[in-house]
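Me: Hi! I have a protein structure open and I'd like to talk it through with someone. Can I send it over?
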Amino acid sequence: MRACVVGAGPAGIVTAKVLLEHGFDVTVYDKYPRVGGIWAQEGCYPGLANQSSRRLFEFAELPNRLHYATAAESQRYLEHYARTFGVLDRVHHNTEVVSVRPVDGTGRPGAHGWIVEHETAEEFDYLAIASGAHHHGHVPDLPGQFDGTVVHSNDVRAGMFTGRRVVVVGGGKSALDLVTHAARLAKAVTLVQRKVNWMIPQRLLFGTVGYKWILMTRAGEALLPRYHDPACVRPLDRVDARVKRVLWWLITRDMLLSAGLYRLPKRLRPDTALPFHLAHAGVMPRGYVRAVRRGLVDVKISEAEAFTGEGVRLATGEEIPADVVVFATGHRKVFPFLDPAVRVHDAAGRIRLYRGIVPPGADRLGFVGFRQVFNNIMGVELTAQWLARHFRGTLATSPGAPAMEAAVDARLAWQERVLPGSNGYDFGPYDIHCADELMHDMGLPAHRTGNPLAEHLLPGGVAHRYRLNRAG
């Protein structure tokens, strides 16, 4: 059974490792000269920091003691993992896949396998796409002419900010990373964001407890709106809505205090209610609040409306002079190499995959890394385990295409209500519920300890709890 994996980032290398364990002959293609995806030097911007505390950025079978690691440290761990489990020898570096199409025969995509083209064309029985969700930057098409440098955050490189006037457009973690980095180097730094998003402080409960002890437990997830899959709803999830509202009010105040946002003007604090915008939250970069308080970063709550010859004009009419304008405005989840006959998106552009992994109606094809959760390392590893069993036909629960379509419809409707703007991709803080769902499909126990207190109060959204072999 020949299997191709497109991409050698975290999702690609763990998928290759799991497929090898399940008896597949695996080939991996990646456009970069080393594994790591966005963590490789070629794929990241200066100042990119891993937002995972200790024991989060690790796969189940290779402990990692790094704590809020640098991009270089994260890449070294991923390369060590790929080497340890025999994946590195399977990777074809500097090889960009330009076309993927089904082998002809039945009219059902992938029924007879897939043809993958790069410099040449090869045929595979199975295909796993792990090309990453952060490689195709979205850049707004602003009117006007600007004489300086305009880049997406993906394309920022060392030295680009030194001694220059920098404007960063965006309100997510990448934008905050970049202005915090630029504050140490640039002549002037301005952050332009339409609204202030929630950012998770590294420590909660008045800055005393790491966020994973609160947000990555079953007890913590029980405060979220009820998960869409009834098989994953536990008694604890049925906490009265009034109790949840009170607890979220308390959590909101603690997040503002622990992140240091009470020390900033009110206009620079989120004005939306938790937990509904947690799906878009990253971990607050160290030094951001301090840089704003010291005047090293000027924050404008507005929208970039047009370029001028000297910089950017905002919707308020204010003009911001700049030498460099960076758009940290998100990414398009697209697969330009994939045959358009394979339906991956709906008319609204939302990713339309069963379980966030397989397109209904297509055979021998899966996507890894497009079922985003807070701890995406754990998420991609469990996805790889699920996909290997799907390919082998050994899932305990495996509906046909019509049932898959109905399940996708129900899940997208839930996401629109509970996780607005997630585009069918981001499951946000539902780490353990997402894990429970995949474990249920694989016929494996969702509870990973023999102690009810540990099961509900200790961090459960962590990979080392989900060490699986081929038998489970």
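Me: How many cavities of 30 Å³ or more does the structure hold?
Reply: Happy to help! The structure holds 7 of them. Keep in mind that this is a predicted model.

Me: OK, and what is the predictor's confidence like, as an average pLDDT?
Reply: The protein averages a pLDDT of 92, and 99% of the residues score at least 70. Among the elements, strand S2 (residues 25-29) has the highest mean, 98, and strand S14 (residues 282-283) has the lowest, 88.

Me: Back to the cavities. How much space lies in the largest cavity?
Reply: About 80 Å³. Its lining includes Gly171, Leu176, Gln193 and Tyr288. By class, the lining residues of the largest cavity are 8 nonpolar, 3 polar and no charged.

Me: And what about the second largest cavity, how many charged residues are in its lining?
Reply: There are 5 charged residues in that lining, along with 3 nonpolar and 2 polar ones. The second largest cavity holds about 70 Å³ of space. Arg218, Glu221, Arg234, Asp237 and Asp436 are among the residues that line it.

Me: Which helix gives the most to the lining of the second largest cavity?
Reply: Helix H10 does, with 3 residues.

Me: You mentioned Arg234 and Asp436. Which salt bridge is Arg234 in?
Reply: Arg234 pairs with Asp436, and their closest N and O atoms are 3.4 Å apart. The two sit in distant parts of the chain, 202 residues apart: Arg234 is in the loop between helix H5 (218-221) and helix H6 (241-259), while Asp436 is in helix H10 (residues 431-442).

Me: Why can side chains like that pair at all?
Reply: Side chains of opposite charge can pair when their charged atoms come close.

Me: Is Asp436 buried or exposed?
Reply: Asp436 is buried, because its relative accessibility is 1% and the cut-off for buried is under 20%. Arg234 has 23%, so Arg234 counts as partly exposed.

Me: Which residues are linked with Arg234 and Asp436 in a network of salt bridges?
Reply: Arg218, Glu455 and Arg465 are linked with them in that network. Glu455 and Arg465 meet in a salt bridge of 3.7 Å, N to O. Glu455 is in helix H11 and Arg465 is in the segment after H11, 10 residues apart. Both Glu455 and Arg465 are buried.

Me: How many salt bridges does the structure hold?
Reply: It holds 27. Another one joins Arg467 and Glu61, with the closest N and O atoms 3.7 Å apart. That pair also links distant parts of the chain, 406 residues apart. Arg467 counts as exposed because its relative accessibility is 55%, whereas Glu61 is partly exposed at 22%.

Me: New topic: helix H8. How many of its residues are buried?
Reply: H8 is mostly covered, with 16 of its 17 residues buried. Helix H8 (residues 376-392) reaches 24 Å from its first C-alpha to its last, close to the 24 Å expected. Gly393 follows H8, and its phi is positive, near 70 degrees.

Me: Last one, pockets! What volume does the second largest pocket have?
Reply: About 570 Å³. It is lined by 30 residues, and the closest to its centre are Gly47, Leu48, Ala49, Thr70 and Ala71. Helix H3 (173-182) and H2 are the elements that give two or more residues to this lining. H3 has the largest share, 4 residues. The lining of the second largest pocket divides into 15 nonpolar, 9 polar and 6 charged residues.

Technical notes: Residues are numbered from 1 along each chain as its sequence is written. Side-chain values use heavy atoms; hydrogens and water are left out. pLDDT is the predictor's confidence in each residue, from 0 to 100. A salt bridge is a side-chain nitrogen of Lys or Arg within 4 Å of a carboxyl oxygen of Asp or Glu. Buried means under 20% relative accessible area, exposed over 50%, partly exposed in between (1.4 Å probe, protein chains only). The expected span of a helix is 1.5 Å times one less than its number of residues. On a 1 Å grid over the protein atoms alone, a cavity is a set of points where a 1.4 Å probe fits but cannot get out, and a pocket is an open set with protein on both sides within 12 Å along at least five of seven lines; lining residues have an atom within 4 Å of a point. Grid points are joined across faces, edges and corners, and a volume is the space filled by probe spheres set on the points. Ala, Val, Leu, Ile, Met, Phe, Trp, Tyr, Cys and Pro count as nonpolar, Asp, Glu, Lys and Arg as charged, and the others, Gly among them, as polar.
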